[in-house]
Amino acid sequence: MQKTSARLLSLLSLLQARRDWPGALLAERLDISPRTVRRDVDRLRELGYPVVATKGPDGGYRLDAGTELPPLLFDDEQAVALAVALQTATTTGAGIEEAAARALNTVRQVMPARLRHRIDTLQVTAVERPAIRPDPQVDSGVLMALSAAVHAREVLRFDYTPASPPVATDIDRAEPPPRRVQPHHLVTWGGRWYLVAWDLDREDWRTFRADRITPRTPTGPRFTPRELPGGEVAAFVAGRFRGSEGSGDWPCRGEVILDLPAAAVFRYTRDGVVEELGPDRCRLVLGSWSWPGLAATIGSFDADMEVVGPPELKHAFAHLARRYAHAATDGPTKLTTPPSSH
């Protein structure tokens, strides 16, 4: 039988692994009697762990939430995962860099020497994507307020700062009324936080930048959630940022055959489909927010090609060819712009 201290750690590890444990199963896993399980549970309670007894035919135990955070027990894999997550917290945009650094230092101090060495050799440098202006940080209190409203299904009121505030006139100098929405999801996209919500005044779905939201209190009445278009929040958000409603796909999608190896094309294609047709030939199906944008992206591969379709993609190539030809000879010339989407 294990010593009492080792047995308590094993019991704590089991209680953290799942929500409910029958007493008989705990006794079997620890190779002790049910009476010893009860004594060890009492010892954990004396140490501040809120272990509650559960009712049922066999009875059992559960590690419940308490008023204070007691010491936690992590296995090696969990500790490494936690260290990686804390080191990359600077890219979340949630304004928790300092708190993450302090948490990582706290976790490291209580690690055994063998695990501390593994963490020290795992130095992760979080490199954010280059930007003309750095992404604004979101106050963690705002994120918590938005998340709480989503979870409680309560109408949210907030002031919203537009990206480019309009020039005020004598007519519109009054402070705009707060937005009233039914919050549904808090998501991240491209290093920024967004609130997906049903706008009650505009009667439509909207995505709001969290860093521009100033919540008002108290929240409004509870509501019954509406069904998100398409059913999946990931597809909905992707569709909004790609300029297509509902489907989540790009509004413009075309197919070409490139005189390049499939491996060379695939390396620079994020969400396209690349099919090998030979050692130096492949098929590429790619999407974009506009036909000229799609044609320009395909042209960046700098290879001979055959446009399979649709006709809008061929027209976009012809339009860019005329524009580039004028730029190479006579300079800027006004050309008729083709439709930006299908």
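**Figure 1. Pairing of strands E4, E5 and E6.** In this predicted model, eight bridges hold E5 against strand E6 (residues 192-199), and the two strands pair in the antiparallel sense. Within this pairing, Val 181 stands opposite Asp 199 of E6. Strand E5 (residues 179-189) also pairs with strand E4 (residues 156-160), again in the antiparallel sense, here over three bridges. In that pairing, Phe 158 is found opposite Arg 179, a residue of E5.

**Figure 2. The open sheet formed by E10, E11, E9 and E12.** Four strands make up this open sheet, in which the order is E10-E11-E9-E12 and the pairing is antiparallel. Strand E10 (273-278) and strand E12 (305-309) are the edge strands, each of them pairing on one side only. Taken on average and with direction ignored, neighbouring strands of this sheet are turned by 25° against each other.

**Figure 3. Strand E9 beside E12, with the helices that lie on the sheet.** Strand E9 (residues 252-258) runs antiparallel to E12, and four bridges join the two. For Leu 258, the bridge partner in E12 is Met 305. Helix H11 (residues 311-329) packs on the sheet, where H11 touches both E9 and E12, and the direction of this helix makes about 140° with that of E12. Helix H10 (residues 291-299) lies across E9, E12 and strand E11 (281-288), and runs at about 25° to E9.

**Figure 4. Cysteines 252 and 282.** Cys 252 has a relative accessible area of 0% and is therefore buried, the cut-off for that class being under 20%. Cys 282 likewise counts as buried, because its relative accessibility is 0%. A disulfide is a covalent bond between the sulfur atoms of two cysteines. A search of the whole structure for such bonds finds zero disulfides.

**Figure 5. The whole chain, as context for the close-up views.** The chain contains eleven helices and twelve strands, and 33% of its 342 residues count as buried. Its accessible surface comes to about 21,600 Å², and carbon and sulfur atoms account for 54% of that area. When contacts in the chain between residues at least 6 apart in sequence are considered, 56% of them join residues at least 24 apart.

Note on methods: Residues numbered from 1 in each chain as written. Predicted model: local features only at pLDDT ≥ 70, side-chain atom pairs only at ≥ 80, totals over all residues. Heavy atoms only, no water. Buried < 20%, exposed > 50% of the residue type's maximum accessible area, 1.4 Å probe, protein only. Contact = heavy atoms within 4.5 Å. Areas by Shrake-Rupley, 256 points an atom, 1.4 Å probe, with all protein chains shown as cover. Pairing = 2+ DSSP bridges. Axes fitted to C-alpha atoms, helices over the stretch in contact; angles between N-to-C directions. Disulfide = S-S within 2.5 Å.
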